[in-house]
Every structure is written in C-alpha cells, then in structure tokens.
Amino acid sequence: MYSETFLSNEPLPSPALPDLAGSDLVTLLSQKVVGQSTATKAIVPYVYMYQSGLAPVGRPAGVFLLLGPTGTGKTKTVEAIAELLHGDEKKILKIDCGEFQMEHETAKLVGAPPGYLGHRETVPLLTQQQLTDVTSPACDLALVLFDEIEKAAHSITKLLLGILDKGILRLGDNTSVDFEKCLIFFTSNLGAREMMKEINPNIGFQSSVGKSQAEVFTRLESIALGAVRKRFSPEFVNRIDAVVTYNPLDAEAIEMILEHDLLALQEHVNLRLGDRYFSLEVTPGAKEFLLRKGVSQEYGARELKRTIHRQLTQPLATMVARGEIRPGAQVKISIGPTGDSLAIECLGGNPVMVRRQPTILIVDDNHDLLFFLAAELKEERWEILIAENAAQARLAFYQCRPDAILVDYMLGEDDGLKLALEFQAQAPLSHTILMTGGGVSDELQTLWLDRALPVLYKPFLAQDVINLVRGRFSKATAVATV
Ligand SMILES: Nc1ncnc2c1ncn2[C@@H]1O[C@H](COP(=O)(O)OP(=O)(O)O)[C@@H](O)[C@H]1O
Ligand SMILES: [Mg+2]
C-alpha cells in the first residue's frame, strides 16, 4: 500500500480560489477531507442550493449535525469548506460550546439585556458584523460552527431553536441578527465512548471484529443518533437538515492524510526557503513510524500534525539553521537505528560556503593602527583581511566578499568615502563601516546618515569595532531566521 514518494520541488503557484462554478465541489472537498464521502455528499447540495438562489427563505441555508469519533475530520470539514468558498480556512464563526456550559452564559453569545449589570460591557459573539466578517468578496455565505454542542447549556440550545426555525436571533439589546445566509454546523462527540467499544481497540484503528465495515458503520450511526435523541429535544433534532456520522478512519484514509501533510511540508519548504529548497524523500518505514505515533483510536488523526512537527519539521529546521542541508539536496527520512526516532540524511545538493566566523576587511593607510586592529580582532577568532590602499582593498573585496568592511575616511591618496560607498552598493548584505578622525562637514555627515553608513570616530577601542560588527551580525542573523 505504501509507495516511496519523491515529493516535487516544483515551486507552487500562489493559492487561488477555485472556480466553483466549473468544478465539482464534492471532489474538491473530498480531496481535503479524506474518506468521509457521506458527509461531503450530504453537505455540498446545500451550498449549490444557496449559490443558485434556491435556498429556503426565513431559515438558515443549511443546518448540519456532524457526529462520530474524535479526530475523524468533523471540524476539518468546515475548515475545508471555508477554504473552498472564501480562500481561508479560518473564515468560520466558531463557537466553542465548552465555554457556554452555564445557563447564564447565554449573555456572552447575545449580550445582556439593557438594565442588567454590565450590559454595556458584554459584546455579543453572534452579531451581524461577526457574520459579515467571515464572508469574502467571492462568497457571502457565512459558516457558523458550534463545536461540541453537547457541552452547551440547555438555555443555549433553546436559543438556537429560534435561529434554526426563523433564521433570526434576537440580541440582548433587542436588535436581531439574520442567519439566512448561513450554513450552521454542530459537531458532537455524543456516543463517542460507546462507539469506541464498538471499534475493537486491539486491532488497528478501524476493525471489523467479524462485522463488515458497513455493519460497523450502521451500528455507529445508531449509537450516535440514540445519544443525540437522549440529549436534545425532538424540536431541535427535527430542525436539522442532515445528521452525518463520520467513519472511523481506515488505514487507507490515514495514509492519505499523512501524504497530504507531508506534501504540505514540502510546499512549505519550497515557498519559504526559495533557492535553498530541498526535496524530502520519506521512506515507508518512516511513514509507518509517523502513523504509529500520530494516529490512535482515541484521538483519530488529531495528533498526526503535531507528531510530524515534533519528529520531522523541528529536527529539519535545526539542520537547516546549522547549514547542514545543502541547497537542492535530497533529504532522506528513514527510521533511526533505535526505532524510536527518525534519521535524517542529506544526499547531494550544492555545497554552500558555510562560514562559521565572520570575515572582516580593514582598510587603513595607518600601518600601526591596521596591525593593532587586526591583532585584536583575531582574538575574536574572526578572519582578518587587511589593505593599505584602495587598490588592495578592491582586490580583497572582490575576491573574498567579506562579511564586514572597515574603511578609513582619510585613505592617503585615495578617497575612503567613495570606496566605502562602492562596497556598500556592491554588497548590501555586508556591513560597511567608515572610520574617521573627526572634523567632518555637516554635509558629509548628512550623506552618511542618508546612506545608513555607520561611522566610528577615532580614537576608538578595538572593543568598539567588535561591538559594532557583532551587533550588526546578530541583527542580520535574527532577520534571516525563518
Ligand atoms: N478525514 C480527514 N481528512 C483529512 N484530515 C483529517 C481527517 N480527519 C482528521 N484529520 C486531521 O486531524 C485533524 C483533527 O481533525 P478534526 O476535524 O479536528 O477532528 P474532529 O472530528 O474531532 O473534529 C485535522 O486538522 C486533520 O489534520
Ligand atoms: Mg472537532
């Protein structure tokens, strides 16, 4: 079932909104939410109905209850729809029902009525503006997600009845919010524990234990519905357009989710590292390792992303920062010798000049000062280049491309300022610093400031040079860190 994947190095086109009119939303959604075609097929028609103007008036465009084991893609479904409709998976008005377990907490949702203590301070979560904020120029359909609805206080579910029935919510200040241009999703783990018992914990994530997959699924569906009927009033359940039970993920589905996540990591590398990109090759053993660590019966695929991050992305990032991965290299990920971590091996690629210590070029016609500075900076284990005139300086500069250049303003016959500006223009990422004995005109000072050319006034201590260069290096490193 596993195949060795050499992930592509092709640079990605920037993400664009899919042309929904020309493509099949079911297919697009199924690519993002794996192995849950029942859910996709149940939800998508409501989006089409809305887009064609055929959605019912006076109620939300669609109301769904998503049930099933944890980490099987319920929340992910809503995020994927947001991405397809609005180009951003975060364009969801999400209400975490765990935060509304007490009866009086309805005020947080709708605001307190006038006259109540603190009514002015309570900004309701469900306002027309909040709904508008999660739409986009491409689509005015807002997605509202009530996550883990079973945790909400009964007063909240009663309040929701009004929304489901008439598409209207009355706020504490007596204004109302219109939910007609909304898809409303409730997710719930009701019955999850009983479902876990149904799925045998000893054999794989989804197990038949003598039953067919279809039988297991029917059983899970009836467990979920039973739990829902016990918890919610018939009025509430009747106002839901589709109740969808999510499948436990089978081996094929979780492998596909892993492939998606690895591809996303490769895309991230391509986008963020530019010409320092490398390609990932993940061996079947390494994939198995990630699945074993990241997927469980209890949490589904919830831990998979975190596992990839901890086991793969973080060690990779460290190697990149240390310059241990050559641009264009093939990075092979396999299982380590002890079997409890991954081994990362860099193959091929172009050599990079990794300089551990900065190289500094000092240009001064004052021989004594030149040698004194060179000796002091050597203590810092910097590579030192010296030049006594512009010609020598140019030679050293163009051959060695130093990280920092210290140029004396009064350079005998030569023009130190002109030389410094030349180096600064040629190598903007190097740090060119001018040294001067003072007595400089205002005009010149303005020029230095304009060109952001740092100036050291003589007499200075070797330590001043060290501090200046070191300060600029650490700044540059901080900026360069991804
Ligand atoms: N069917 C699926 N397709 C793609 N990714 C999934 C699927 N199920 C779970 N995942 C992964 O696991 C994470 C958690 O899934 P989520 O949808 O939040 O679970 P829940 O069903 O508990 O709401 C997702 O962000 C995604 O990375
Ligand atoms: Mg969820």
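Here a trainee asks a mentor how some labels in this predicted model are earned.

Mentor: Ground rules: this is a predicted model, where local features need pLDDT of at least 70, side-chain atom pairs count only at pLDDT 80 or more, and totals for chains, interfaces and linings use all residues. Residues are numbered from 1 along each chain as its sequence is written, while chains are lettered from A and ligands numbered from 1 in the order in which they are written.

Trainee: What makes a residue count as near ligand 1?

Mentor: Its C-beta atom, placed from the backbone, has to lie within 6 Å of the molecule. There are 18 residues around ligand 1, and Val34, Gly73, Lys74, Thr75 and Lys76 come nearest. The largest share, 3 residues, comes from α3.

Trainee: How do you know which shell residues are nonpolar, polar or charged?

Mentor: Ala, Val, Leu, Ile, Met, Phe, Trp, Tyr, Cys and Pro count as nonpolar, Asp, Glu, Lys and Arg as charged, and the others, Gly among them, as polar. Sorted that way, the shell has 5 nonpolar, 9 polar and 4 charged residues.

Trainee: Why are β3 and β4 called paired?

Mentor: Two strands pair if DSSP finds at least two bridges between them. β3 (residues 93-96) and β4 (residues 142-147) are joined by 4 bridges, so they qualify, and they run parallel. Leu93 has Val144 as its bridge partner in β4.

Trainee: What makes 18 Å the expected span for α13?

Mentor: The rule is 1.5 Å times one less than the number of residues. Helix α13 (residues 367-379) has 13 residues, so 18 Å is expected, and its 19 Å from first C-alpha to last is close to that.

Conventions: Helix = DSSP H or I, 4+ residues; strand = E, 2+ residues; numbered from the N terminus. Buried ≥ 20, exposed ≤ 12 C-beta atoms within 10 Å, placed from the backbone.
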